Protein chains: 2
Amino acid sequence: MKKPHDKTTRMTQALRDGGVRVTRQREALLKVLTEAADHPDAAELHRRAKGIDDTVSLATVYRTLTVLEREGVVHRHSFESGGARFEVADPVHHDHIVDLDTGQITEFRNDKIEELQRLIAAEMGYEIVHHRLELYCRKLG
Amino acid sequence: MKKPHDKTTRMTQALRDGGVRVTRQREALLKVLTEAADHPDAAELHRRAKGIDDTVSLATVYRTLTVLEREGVVHRHSFESGGARFEVADPVHHDHIVDLDTGQITEFRNDKIEELQRLIAAEMGYEIVHHRLELYCRKLG
DNA sequence: GTACTTGCAAAATATTTGCAGTCTC
DNA sequence: GAGACTGCAAATATTTTGCAAGTAC
């Protein structure tokens with residue numbers, strides 16, 4: 001079993017390789033991100049990061065998230081309400097189901113849908129750069 | 001061929017039936033919405049509505065859009081960047097392709113994808129209330 | 001006439017940025 | 001040591017709201 005630490009180390013290395021400096025604040029944020037099982041927003045990430053390093057400011061959280069997104073380390077989502085929410089980039093793309101009652105977010109992946117999207121785009125002369133599929137749902141029964 | 005006017009008349013009637021008052025400002029906004037071929041944001045709708053009735057304020061545009069959305073007359077979309085964008089509710093659901101270079105939005109619909117979504121949600125014990133599928137694309141070669 | 005609507009300006013939210021000091025590589 | 005990064009506070013951008021006046025039904 002891989003410890004979160006390993007993941008963080010790998011990420012910081014990837015950042016350094018990309019010419020990005022790894023500061024105390026960025027390490028804290030990376031730790032928070034890798035340990036997050038949910039999809040926190042910037043304010044929540046700030047709250048959690050301050051628990052590790054009290055000097056992390058909200059501005060730095062935003063700036064760092066922008067960098068991490070550019071480096072391909074995190075993904076930014078904008079669900080229907082509220083601000084952007086973030087998660088560590090998964091090598092395998094996935095989509096989201098949002099529980100309208102609890103707000104809980106579940107991930108899923110379906111190759112057939114992915115393929116159909118490609119076909120539809122191609123038919124209209126387009127190549128997909130990225131996409132969003134979100135199902136806003138309610139529990140059955 | 002139906003004139004936009006007919007559509008607007010039908011919409012105002014639907015609103016009145018729903019106990020919503022149809023004011024001068026709301027009529028202007030409805031006209032702008034039915035005539036829009038694109039997916040304007042609130043500021044753009046405001047600009048266009050003022051062309052019909054100079055008294056329409058931005059606050060009213062926002063308030064009216066909220067009412068129209070609640071009444072099921074318009075749909076609100078939040079694409080990746082910028083504020084919300086609106087369109088008259090289409091009786092048949094459709095998804096969107098966003099051209100990353102031009103910002104142009106194209107609509108499409110695919111029953112197979114719709115069905116797959118339903119199946120995926122059901123498998124996880126969910127019923128879809130609504131969904132979003134957006135393909136961010138670039139023109140092919 | 002009553003309750004819903006409106007315009008205006010101020011407030012609330014979410015995110016970005018200028019600047020002077022700090023720290024990574 | 002150079003340039004990237006940071007905190008803070010002020011600035012943006014978008015949307016919402018309190019209030020007094022206006023208007024649809």
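How many bridges join E5(A) to strand E5 of chain B, and do the two run parallel or antiparallel? In this predicted model, 13 bridges link E5(A) to the strand spanning residues 126-139 of chain B, and the pair runs antiparallel. Within this pairing, A:His130 is placed opposite B:Tyr136, a residue of E5(B).

The strand pairing belongs to a contact to which chain A contributes 35 residues and chain B likewise 35 residues. Together the two chains bury about 3300 Å², of which 64% lies on carbon and sulfur atoms. Polar interactions are also found across this interface, where 16 residue pairs of chain A and chain B, both at pLDDT 80 or more, are in polar contact. On the side of chain A that touches chain B, at least two residues each come from strand E3 (95-99), strand E4 (105-108), helix H5 (111-123) and strand E5 (126-139) of chain A. Of the elements on this side, E5(A) gives the most, supplying 14 residues, and the composition by class of the side of chain A that touches chain B is 18 nonpolar, 8 polar and 9 charged residues. As for the charged groups, 2 salt bridges are found across the interface of chain A and chain B; in a salt bridge between the two chains, the side chain of A:Arg132 meets that of B:Glu134, with an N to O distance of 3.0 Å.

Turning to the nucleic acid, DNA strand C is surrounded by 20 residues, of which A:Arg21, A:Tyr62, B:Thr55, B:Ser57 and B:Thr60 come nearest. The surface near DNA strand C receives at least two residues from each of helix H4 (58-70) of chain A, helix H2 (24-35) of chain B and helix H4 (58-70) of chain B, and H4(A) gives the most to this surface, with 4 residues. By class, the residues of the surface near DNA strand C comprise 8 nonpolar, 6 polar and 6 charged.

Among the atoms of DNA strand C that lie within 4 Å of the protein, 67% are sugar or phosphate atoms, while the rest belong to bases. Individual contacts illustrate both kinds of atom: a polar backbone atom of A:Ala84 lies 2.9 Å from a phosphate oxygen of DNA strand C, whereas an N or O atom in the side chain of B:Arg21 is 3.0 Å from a base nitrogen of DNA strand C. B:Arg63 likewise approaches a base, with a polar side-chain atom 2.8 Å from a base nitrogen of DNA strand C.

Technical notes. Residues are numbered from 1 along each chain as its sequence is written. Chains are lettered from A and ligands numbered from 1 in the order in which they are written. This is a predicted model: local features need pLDDT of at least 70, side-chain atom pairs count only at pLDDT 80 or more; totals for chains, interfaces and linings use all residues. Side-chain values use heavy atoms; hydrogens and water are left out. Contact means heavy atoms within 4.5 Å. Buried area is the accessible area (1.4 Å probe) that two parts lose on being put together, summed over both. A salt bridge is a side-chain nitrogen of Lys or Arg within 4 Å of a carboxyl oxygen of Asp or Glu. A polar contact is a pair of N or O atoms within 3.5 Å; within protein, one must be able to donate a hydrogen and the other to accept it, and residues adjacent in sequence count only if both atoms are side-chain atoms. Ala, Val, Leu, Ile, Met, Phe, Trp, Tyr, Cys and Pro count as nonpolar, Asp, Glu, Lys and Arg as charged, and the others, Gly among them, as polar. Two strands pair if DSSP finds at least two bridges between them. A residue is near a molecule or strand if one of its heavy atoms lies within 4 Å of it.
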